[in-house]
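Reader: I am new to reading structures, and I would like a close look at a single part, followed by its wider setting. Could you take me through it slowly, explaining each term as it comes up?

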Amino acid sequence: MVERPHVPVLLDAVRECASAAAGEVWVDCTLGFGGHSEALLQAGARVIGFDRDAAARAYATDRLSPHAERLTIVASDFRRLPTVLAELGVERVDGVLADLGVSSWQLDQPERGFSFKAPGPVDMRMDPAAGEPALALIERSSTAELADVIRRYGEERFAGPIARAIRAWVEGAGPHDTHTLAQAVRDALPKREAAKRKIHPATQTFQALRIAVNDELGALEDLLAALPEVLAPGGRALIISFHSLEDRLVKHAFAEWCGKAGHAPAPPRGLPPPPSAPAAFEAVTRKPRVGSAAEIEANPRARSAKLRAVRKRRAA
Ligand SMILES: C[S@@+](CC[C@H](N)C(=O)[O-])C[C@H]1O[C@@H](n2cnc3c(N)ncnc32)[C@H](O)[C@@H]1O
């Protein structure tokens with residue numbers, strides 16, 4: 001078994017906001033290496049854990065074996081949450097946790113193709129048995145389509161030149177690995193821009209390709225659409241995001257459920273505002289919880305982590 005392949009982020013904040021208890025049923029949408037699930041199981045809850053990565057499921061099965069009788073591991077994208085719960089005969093759950101994105105272990109395996117640190121296949125699939133690898137996506141995309149992916153999912157200012165460089169790279173002789181792709185991206189940036197960046201100049205482009213290959217934002221949207229129905233009264237939803245595209249979706253959905261999105265139209269002059277239905281949810285975190293300086297020092301992945309949590313109100 002790999003030694004500490006992934007250190008869970010914001011573990012204390014997750015414990016606190018989840019306040020899981022014996023007899024409760026929780027869903028961990030992103031089981032990974034089981035760090036967060038372990039905390040829920042230690043609190044006495046039953047856990048249904050999703051992961052689309054077979055290696056993560058195998059590790060978590062082993063690590064969480066002392067709690068096996070209260071753990072169900074599901075090999076599926078979490079966007080199928082309502083269908084899977086119906087298949088398991090579970091009507092509503094007391095909590096849902098999602099710790100989005102990829103694990104440190106996935107990033108560190110050159111053969112998975114997420115990282116430019118060592119040469120590997122340009123793959124980036126969380127489930128290497130499903131969907132198309134990033135290289136296939138690049139091969140079938142026009143320069144304009146590539147630029148759109150890099151601009152939208154990588155929030156990259158130089159998406160145009162980078163997309164042109166990637167097309168030239170894929171049409172060239174190769175080798176077509178993560179290392180040469182990262183070089184092509186770096187070379188597409190103006191020299192001063194590449195030197196100025198605190199992170200590797202290919203980081204945002206790799207993020208964009210990974211999000212597109214795994215349809216990460218589509219999966220999050222589906223999860224958010226399902227949560228209000230899936231949670232029992234009193235149930236909590238906790239989502240940890242790692243970049244602004246994810247966080248924006250979570251923030252807006254939670255605000256809407258808590259009755260805070262937008263403003264109701266002003267009543268006609270002189271009339272009191274119409275009575276509004278009480279919001280179905282209340283905030284557990286008023287502001288997102290972030291890592292302490294000590295946690296970020298020990299686990300750099302915590303630097304961009306934001307935890308937001310809401311609770312479904314019990315009927316009055
Ligand atoms: C950040 S890691 C989770 C780490 C975990 N919380 C822990 O403590 O070890 C994210 C995991 O979720 C999985 N994942 C991401 N998106 C998914 C999705 N849409 N459906 C199922 N699994 C997903 C990834 O394969 C990865 O193993």
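Author: Two residues are said to be in contact, or to touch, if their C-beta atoms, placed from the backbone, lie within 7 Å. Leaving out residues up to four places away in sequence, Arg-186 touches Ala-194, Pro-201 and Ala-202. The model is predicted, and local features need pLDDT of at least 70, side-chain atom pairs count only at pLDDT 80 or more, while totals for chains, interfaces and linings use all residues. Residues are numbered from 1 along each chain as its sequence is written.

Arg-186 lies in helix H9, which spans residues 178-188 (helices, H or I, of at least four residues, are DSSP runs numbered from the N terminus). Arg-186 has 19 other C-beta atoms within 10 Å and is therefore partly exposed, a class that falls between buried, with 20 or more such atoms within 10 Å, and exposed, with 12 or fewer, the C-beta atoms being placed from the backbone. Between Arg-186 and Ala-13 there are 37 Å in space, C-alpha to C-alpha, and the two are 173 residues apart in sequence.

For the wider setting, the protein chain is divided into domain 1 (11-105 + 216-312) and domain 2 (127-213), with bounds that come from an automatic or database domain assignment. The C-alpha centres of domain 1 and domain 2 are 30 Å apart, and where the domains meet, seven residues of domain 1 are in contact with five residues of domain 2.

Notes: Helices (H or I, at least four residues) and strands (E, at least two) are DSSP runs, numbered from the N terminus.
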